[in-house]
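User: I would like to go through the reasoning behind some labels used for a structure, with each value set against its cut-off.

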Amino acid sequence: MARSKILYQCQSCGYASPKWLGKCPDCGSWNSFAEEERVTKLASRKTAEPLSLSGVTASNDDRSSTGIGELDRALGGGVVAGSVILIGGDPGIGKSTLILQALKGLAKLGSLLYVSGEESPQQVKLRADRLRIKSDNIILLPETSLEGIMDVALKLGPKAIVVDSIQTVFSSDIPSAPGSVGQIRECATKLMFMAKKHGMPLFLIGHVTKEGAIAGPKVLEHIVDTVLYFEGDKGNPFRILRAVKNRFGPANEIGVFEMSEEGLKEVDNPSQLFLSERPSDISGSVVTVSMEGTRPLLVEIQALVSSSKFGIPRRTGLGFDYNRLNLLIAVLDKRIGMQVAGMDVFVNVVGGLKIDEPAVDMGVITAIASSMKNKSVASKTVTFGEVGLSGELRAISQAEIRIKEAAKLGFKKAVVPMNNAKKIKGPEIEVIGASNVEEALDIIFF
Ligand SMILES: Nc1ncnc2c1ncn2[C@@H]1O[C@H](COP(=O)(O)OP(=O)(O)OP(=O)(O)O)[C@@H](O)[C@H]1O
Ligand SMILES: [Mg+2]
Ligand SMILES: [Zn+2]
């Protein structure tokens, strides 16, 4: 028996309401509500058998390598059987390229099903030729109907399935339009049950909206086991694959790639890469160390401070949180007495990286101070630490790993929070502790 009623659902987060709303109370989107018909199935279902935890056999070793080390790393060490992996990213960032290269590695397991609702088999073939991928085990299916996909998948019994993209798939059981939240959730859920039942990994490719969320997004994030975001700048060949959620490994783990004509190439030493074009002896540039998952990454922060031509000073943080930037500017102004509050301040994390970690506060504040003073930071100096509102420098986690990475890349001096410095001795690198921003800047600029 099925009961149906009309309801309105936010197309960005899935929030449901019996009446149309202009603004979503859950995610704050405007004009995001669309009519969806919810079908509630009241069919009787078989109940599951309860079982004792110790009686369950499970292994974390049932992982397959994709043949791409950086992708395996982001997944927590390879693809887990029956897991559902969502790969999101901006249009044209390289999602289809990545997944095709992964299928090349997985093809040793047996037949794989690549469902492409966006591109014709000819388009996929052209890409495969360019990437020099040739495998009889990769089966293409140009299909957008969920029922059609499930039929083929059940007949073929592939070792893995890719759906590129989940937004193109629709089920004729659901009255709402293809691409709507209702469709996406329902189709993803049905595919997930199939993947889990047959122990085959399922990759869902998802588009990202302007706001940076996967469309139909939060809904999908709950359903899947792993969410990977493919990030990068259009004008820049570097690509970061970031695990924002992972039921089978550490979150925030990243893989680093470079896009080339032959496809995505793994980057073995990302710190070196991110510093490769660093100008020397220029004010407004400093190197800091960010932890991305379990990996320390040296990154260059650049700042440009200039006197404001308009009433309201402009602030831009590329790759860095805007509110955090304003907070750091206020600290410099109030606590250090550097008159930056009325200035235009632009901060850029070099290489298209997005950093969301308080440890890089000290890097950002140093870059701004360096530009403001028009004084460069010694090229072999790194700094990191969380900055508090009273200008204090707070200890951060994993300081030792960060310092080791800096030493490995030839840095000679690290200016870090006092409480971190106390616990670290580095023979190859001089570690200097500071208890507040003022002290740290004095050491950096002597
Ligand atoms: N001949 C080429 N040489 C070098 N790079 C190329 C070439 N053709 C495509 N690319 C790169 O591949 C990117 C497109 O990759 P891909 O189609 O995998 O992206 P996508 O994320 O799947 O895009 P969409 O959102 O359209 O599905 C291009 O933006 C470009 O950087
Ligand atoms: Mg694509
Ligand atoms: Zn919403």
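Analyst: Before the labels are applied, note that Asp, Glu, Lys and Arg count as charged, that Ala, Val, Leu, Ile, Met, Phe, Trp, Tyr, Cys and Pro count as nonpolar, and that the others, Gly among them, count as polar. On that basis the shell around ligand 1 in this predicted model has 6 charged, 6 polar and 3 nonpolar residues.

User: Which residues are the closest to ligand 1, and how many surround it?

Analyst: Ligand 1 is surrounded by 15 residues, and the closest are G92, K95, S96, T97 and R127.

User: What makes the pair between T97 and ligand 1 a polar contact?

Analyst: A polar contact needs a pair of N or O atoms within 3.5 Å; a polar side-chain atom of T97 lies 2.5 Å from an oxygen atom of ligand 1, and therefore the pair qualifies. By the same cut-off, R127 qualifies through a polar side-chain atom 2.8 Å from a ligand 1 oxygen, and G92 through a backbone N or O atom, also 2.8 Å from an oxygen of ligand 1. Taken alone, ligand 1 exposes 650 Å², of which the protein buries 66%.

User: Why is C10 called buried, and why is C27 called partly exposed?

Analyst: Buried means under 20% relative accessible area, and partly exposed lies between that and the exposed class, which is over 50%. C10 has 0% relative accessibility and so counts as buried, whereas C27, at 26%, counts as partly exposed because that value falls between the two limits.

Key:
Residues are numbered from 1 along each chain as its sequence is written. Chains are lettered from A and ligands numbered from 1 in the order in which they are written. This is a predicted model: local features need pLDDT of at least 70, side-chain atom pairs count only at pLDDT 80 or more; totals for chains, interfaces and linings use all residues. Side-chain values use heavy atoms; hydrogens and water are left out. A residue is near a molecule or strand if one of its heavy atoms lies within 4 Å of it. A polar contact is a pair of N or O atoms within 3.5 Å; within protein, one must be able to donate a hydrogen and the other to accept it, and residues adjacent in sequence count only if both atoms are side-chain atoms. Accessible areas come from the Shrake-Rupley method with a 1.4 Å probe; for residues, only the protein chains shown count as cover. Buried means under 20% relative accessible area, exposed over 50%, partly exposed in between (1.4 Å probe, protein chains only).
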